[in-house]
There are 2 protein chains.
Amino acid sequence: MALTREQVVDAAVGVLADFGLADLSMRRLARELDVQVGALYWHVKNKQELLVDVAARLLGDVGRLPEAEATPREAVASLATAIRTALAPVPDSAEVVQLAQTMQPAALEPLTWLRELLEEAGVPPQHSAWARHLLLNHVLGSVAAQQDRSSLEAVGEAGGPDLGEDAFAWGVGTILDGLGI
Amino acid sequence: MALTREQVVDAAVGVLADFGLADLSMRRLARELDVQVGALYWHVKNKQELLVDVAARLLGDVGRLPEAEATPREAVASLATAIRTALAPVPDSAEVVQLAQTMQPAALEPLTWLRELLEEAGVPPQHSAWARHLLLNHVLGSVAAQQDRSSLEAVGEAGGPDLGEDAFAWGVGTILDGLGI
DNA sequence: ACCTGAACACCGTTCAAGT
DNA sequence: ACCTGAACACCGTTCAAGT
């Protein structure tokens, strides 16, 4: 049976989740899928394009709709948290998402919803794109910091203060306070 | 005359500034310095350690002392702006600084001052490390976003809304508002 | 002390040729 | 349509051997 693009993306997500971005090479993927490297290039244009698909897959389970009874502020906070929750267990996921976002901003739907929710919460349109970036930098920065900390611990080095869930929630609250929503 | 570690770091900063991180390889550096690759490994332990030095050099010109007549809030904002100004012209500088910061948090002095200034401005010690991260994620995220935008433009693709100085200053203000300082 | 030469174990990407 | 085989032009790191 012929290889599919889905299978390539699946394998890539698997290697990323289990071994991190440093081990996610086209050649490694080819070995995993029992094909020659060149075969991958019939299904994806290049590695960057593949990583965009990987990022989209990582964010694929982030639901669109907030709880019905949530306030607009709570809706923003809960989407930010859902994004963090989706990325937290996958090593280097923040880097992959950042790459994907610069290459194809529209491909990552949940990140675009953030802006909509911010406007619904009262952030004026001239600022909502900036506010989205502010929040997103916090989400991705928190995920990366926490993962770097745990990989340093695995090597036996100290990693600075805890930057887990508490720090994340506090940061979201601080930003939303600053936005006045 | 013997090669020095300073010269290796100089060359690395030069390649980064002129061509970006993708072109900053040990072999490229060796060519630039007219030595064999192995020679570099007498002066630096590995590439990561070299990048820590590169990051420190990039932030080396960021001054410690704020204007005497500045309010504590203005002191924080002006340090954040000075960091941004130092990194903005160097491609991929945000990635390099983030790497360096996770590998050797103490090596990047200006980033530690940020926490001190935040405490002087009234952020309680339990939150000052988190607040520093929040601000730093904004600084590095803004630098990276702006650079990605201009490199996409160079290739003739659209890069989304402007994320320049205005967005940066607005973001700093929003964070400081959220911190209540 | 400082560097060369050469190797080891990798990369991403392309492409003629096969089926 | 889909894949193989093989090449091209690279990587980071190590290390015996030279000076």
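These exercises work through a predicted model of two protein chains and a DNA strand.

**Exercise 1. Describe the fold of chain A: which elements does chain A contain, and how far does its C-alpha trace span?**

Step 1. Count the elements. Chain A has nine helices and zero strands.
Step 2. Read them in order. From the N terminus on, the run is α-α-α-α-α-α-α-α-α.
Step 3. Take the dimensions. Along its principal axes, the C-alpha trace of chain A spans about 55 × 40 × 25 Å.

**Exercise 2. Find what share of chain A is buried, and what share of its contacts links residues 24 or more positions apart.**

Step 1. Chain A has 181 residues, and 40% of them are buried.
Step 2. Now take the contacts in chain A with a separation of 6 or more. Of these, 65% join residues 24 or more positions apart.

**Exercise 3. Work out which residues and helices surround DNA strand C.**

Step 1. Count the residues. DNA strand C is surrounded by 17.
Step 2. Pick out the closest. They are S25(A), G38(A), N46(A), L3(B) and G38(B).
Step 3. Assign helices. In chain A, α2 (26-33) and α3 (37-43) each give at least two residues, and so does α3 (37-43) of chain B.
Step 4. Find the largest share. α3(B) provides it, with four residues.
Step 5. Sort by class. This surface has nine nonpolar, five polar and three charged residues.

**Exercise 4. Analyse how chain A meets chain B.**

Step 1. Count both sides. 23 residues of chain A contact 23 residues of chain B.
Step 2. Locate the helices. On the chain A side, α8 (125-154) and α9 (165-179) each supply at least two residues.
Step 3. Find the largest share. α8(A) gives ten residues of that side.
Step 4. Sort by class. The chain A side has eleven nonpolar, ten polar and two charged residues.

Terms used
Residues numbered from 1 in each chain as written. Chains lettered and ligands numbered in written order. Predicted model: local features only at pLDDT ≥ 70, side-chain atom pairs only at ≥ 80, totals over all residues. Near = placed C-beta within 6 Å. Nonpolar A, V, L, I, M, F, W, Y, C, P; charged D, E, K, R; others polar. Contact = placed C-beta atoms within 7 Å. Buried ≥ 20, exposed ≤ 12 C-beta atoms within 10 Å, placed from the backbone.
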